[in-house]
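Visitor: I would like to learn how to read the features of a structure like this one, going through them in turn. Could you show me the chain and then take me through it?

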Amino acid sequence: MIKWVCALGVPPPSVCRYLCHANLDRLAPEAGSLSREDFNAITQDIWIDGVWRYSRRGRLPQTERRLADRLFERPRGSYAVLDLGASDGTTTLDLLDALRAVIKAPVTVRVTDRFFSLERFRRGPLVEYRTTQGLPVMVRWGKLAMRLPRSEHRWDVLGHLLARLWLANTAWRRGMKPAGTLSLVHPDVLAEPDLVPQVLDCLLRDESLVGTFDALRAANILNTGYFNREELRAAIACCHAYLHEGGVFVVVRCEGRRSEELECGTIWRKTPEGFERVEDYGRGSEIAAVVDDFHAPDLSRKA
């Protein structure tokens with residue numbers, strides 16, 4: 001195997017990097033409970049539709065503290081917060097704890113993401129994992145696995161080739177049998193009554209959420225690596241619609257090595273016309289100019 005791979009010009013370390021991934025079956029209920037750290041270690045290896053699901057405890061302390069302080073400035077009887085692109089909900093639990101430490105009124109946080117579970121399909125020793133919409137995510141054979149529909153690394157020639165060959169074998173894949181559902185949300189999140197999971201696409205406006213929230217956090221989701229400028233404008237328009245007047249909007253992205261990440265964020269308040277910038281921290285949000293330039297549609301003119 002190694003000699004064959006090396007003949008293709010791919011050194012053995014690359015084979016391990018691109019074909020040895022976390023065993024997603026460990027997320028199955030029958031596999032037993034996992035700590036948040038172990039759960040994170042598995043889900044961070046998942047790459048769905050161009051987006052990583054990396055998360056960990058204690059990742060966003062600056063954002064949590066600043067968001068809590070901004071909400072505390074405007075006392076209310078209760079607070080509703082939306083966490084956009086929350087992945088497995090680990091950092092949402094951190095946010096809820098931080099808000100409770102500062103705000104004594106009840107707080108509810110909506111935990112949102114496009115994907116909260118994977119469907120497992122099996123045929124013989126091969127296992128394929130797909131989203132509930134049928135999007136292939138990973139295929140595994142024993143300890144070897146590859147991400148689908150292809151590797152995220154353009155230079156991973158072997159991964160691209162194997163993924164294309166696998167997906168082209170439609171007859172074999174159609175013969176795979178359902179083998180259970182894997183939750184991508186940590187059980188601690190599901191057990192917390194003040195956290196409400198909801199499937200949400202940040203580019204598509206959900207009318208049921210309009211004018212609902214006192215604050216909205218977009219952490220490691222609204223950035224130029226995932227979206228172009230037009231898509232960012234669409235997402236920002238949705239965020240503006242979901243907030244109360246004067247609501248807090250924070251966009252943050254963690255930069256640097258995972259062991260030494262720096263939170264780079266910007267906080268705004270919602271105005272009728274758009275957003276008013278309140279503060280920057282770290283190096284500020286990379287999409288700050290896009291948010292600053294956003295102008296809400298004049299609904300009275302349409303009427």
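Guide: Let us begin with a pair of strands, keeping in mind that this is a predicted model. Strand β12 (residues 243–255) and strand β13 pair in the antiparallel sense, and eight bridges lie between them. One residue pair to look for is C254, whose bridge partner in β13 is E263.

Visitor: What do β12 and β13 form together, and how many residues lie between them?

Guide: They form a hairpin with six residues between the two strands, and within that turn G256 has a positive phi of about 95 degrees. On its way onward the chain makes another hairpin, in which four residues lie between β13 and β14. Here β13 and β14 (residues 275–281) are antiparallel and share six bridges, and the bridge partner of G265 is Y281 in β14.

Visitor: Is strand β13 largely enclosed or left open by the rest of the structure?

Guide: For such a question one looks at the residues of the strand, and buried here means under 20% relative accessible area. Eight of the nine residues of β13 (residues 262–270) are buried, so this strand is largely enclosed by the rest of the structure.

Visitor: How should I read a sheet, and what is the order of the strands in the open one?

Guide: The open sheet has five strands in the order β8-β7-β6-β5-β9, with antiparallel pairing. Because β8 and β9 (177–183) each have a single partner strand, they stand at the edges, and one side of each is left without a neighbour in the sheet. Direction ignored, neighbouring strands of this sheet are turned by 20 degrees against each other on average.

Visitor: How many bridges join β7 to β8?

Guide: There are four bridges between β7 (residues 136–141) and β8 (residues 144–147), and the two strands run antiparallel. R140 stands opposite A145 in β8, while the hairpin of these strands has two residues between them, with G142 taking a positive phi near 65 degrees.

Visitor: Now to the side chains: what describes a pair of aromatic rings?

Guide: Such a pair is described by the distance of the centres and the angle of the planes. In this model the count comes to five aromatic pairs. For Y226 and F227 the ring centres are 6.5 Å apart and the planes stand at 85 degrees, so this pair is edge-to-face. Y226 is partly exposed, with a relative accessible area of 24%, whereas F227, at 14%, counts as buried. Elsewhere, F249, W268, F275 and F294 form one aromatic cluster.

Visitor: Which rings have the charged end of an arginine sitting over them?

Guide: The charged end of R123 sits over the ring of W172, at 3.9 Å from the ring centre, and the charged end of R130 sits over the ring of F121, at 4.0 Å from the centre of that ring.

Visitor: To finish with a single residue, is Q198 buried or exposed?

Guide: Q198 has a relative accessible area of 16%, so it is buried, and its place in the chain is strand β10 (residues 195–199). Leaving aside neighbours within four places in sequence, Q198 is in contact with R110, V111, T112, D113, F116, D206 and L209.

Key
Residues numbered from 1 in each chain as written. Predicted model: local features only at pLDDT ≥ 70, side-chain atom pairs only at ≥ 80, totals over all residues. Heavy atoms only, no water. Pairing = 2+ DSSP bridges. Phe/Tyr/Trp six-rings, centres within 6.5 Å; stacked < 30°, edge-to-face > 60°. Buried < 20%, exposed > 50% of the residue type's maximum accessible area, 1.4 Å probe, protein only. Lys NZ or Arg CZ within 6 Å of the ring centre and 35° of its normal. Axes fitted to C-alpha atoms, helices over the stretch in contact; angles between N-to-C directions. Contact = heavy atoms within 4.5 Å.
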